[in-house]
Amino acid sequence: TLNGDYKTALNNFRRSVPLAVKNEFFRDTLQIFSGMSTLFIKTGQSDSAIHYAKMVAISKDPGLETKNLLEAVSNLAQVYKFIGDKDSAIKYIELSHTLKESIMSNEKNREIQNITFNEKLKEQKAAEAQLKYKNKVQLYSFILGVFVLGLIAMLLWRNNSQKQRAKEKIEKAYSE
């Protein structure tokens, strides 16, 4: 529908429908119908806009995207308002508001889940950093302990060697 080339856009939509059905991309089919409804509103073809929007609105496909349903319901509200069917217009305006609130609620829930997830991720990273620090401290303590034990062993060996030499000197002095 760019640049008002509605004829080309409609031809593209119509060529896309059989492909989507053939490949069993029913969600895409509903997206195409939603787009066709919007196109028919822009070209002033109310009956066609209603037909395609209702195909989306009454769909029981679980793969139906809320965005496409909202577009179809909004299109129905707009067309019924334009043609003067106030009851239907009100019905679809209310449904449109309900869908918008649902979308906003879902987005808020997603934001809360993201915040919670990020906080848990930060806590996990902090716990990992703390564990890493603890492991480093343990490693350095172990190395220091081995060094101190080595130093003590060396001092004891040296002390023992000096005692041995002193004993040998004393024994040598007694034997002379």
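What span should the 18 residues of helix 4 (residues 66–83) have at 1.5 Å a residue, and how far apart are its end C-alpha atoms? The expected span is 26 Å, and the end C-alpha atoms are 26 Å apart, which agrees; the expected value is 1.5 Å times one less than the number of residues. The model is predicted: local features need pLDDT of at least 70, side-chain atom pairs count only at pLDDT 80 or more, and totals for chains, interfaces and linings use all residues. Residues are numbered from 1 along each chain as its sequence is written, and side-chain values use heavy atoms, with hydrogens and water left out.

**View 1. The whole chain and its five helices.** The chain has zero strands and reads α-α-α-α-α along the sequence; helices (H or I, at least four residues) and strands (E, at least two) are DSSP runs, numbered from the N terminus. Its radius of gyration is 41 Å, well over the 16 Å that the globule rule gives for 176 residues, so the chain is more spread out than a compact globule. That radius is taken over C-alpha atoms, and the rule is 2.2 Å times the number of residues to the power 0.38. Along the principal axes, the C-alpha atoms fill a box of roughly 135 × 35 × 30 Å.

**View 2. Helix 4 and its cover.** Buried residues of helix 4 include Leu69, Leu70, Val73, Leu76 and Tyr80. Buried means under 20% relative accessible area, exposed over 50%, and partly exposed in between (1.4 Å probe, protein chains only). Among the elements that cover the buried residues are helix 2 (26–42), helix 3 (46–57) and helix 5. Just after helix 4, Gly84 takes a positive phi of about 90°.

**View 3. The salt bridge between Glu119 and Lys122.** The structure holds one salt bridge, a term for a side-chain nitrogen of Lys or Arg within 4 Å of a carboxyl oxygen of Asp or Glu. The closest N and O atoms of Glu119 and Lys122 are 4.0 Å apart. Both residues lie in helix 5, three residues apart, about one turn of the helix. Glu119 is partly exposed at 39% relative accessible area, whereas Lys122 is exposed at 54%.

**View 4. A nonpolar surface patch of about 890 Å².** Among its members are Leu144, Phe147, Ile152, Met154 and Leu155. Patches are made of residues with over 30% relative accessible area and no salt bridge; like charges are joined within 9 Å, and nonpolar side chains (Val, Leu, Ile, Met, Phe, Trp, Tyr) within 5 Å. Areas come from the Shrake-Rupley method with a 1.4 Å probe; for residues, only the protein chains shown count as cover. Leu155 is found in helix 5 (residues 86–175) and counts as partly exposed at 46% relative accessibility.

Notes:
Contact = heavy atoms within 4.5 Å.
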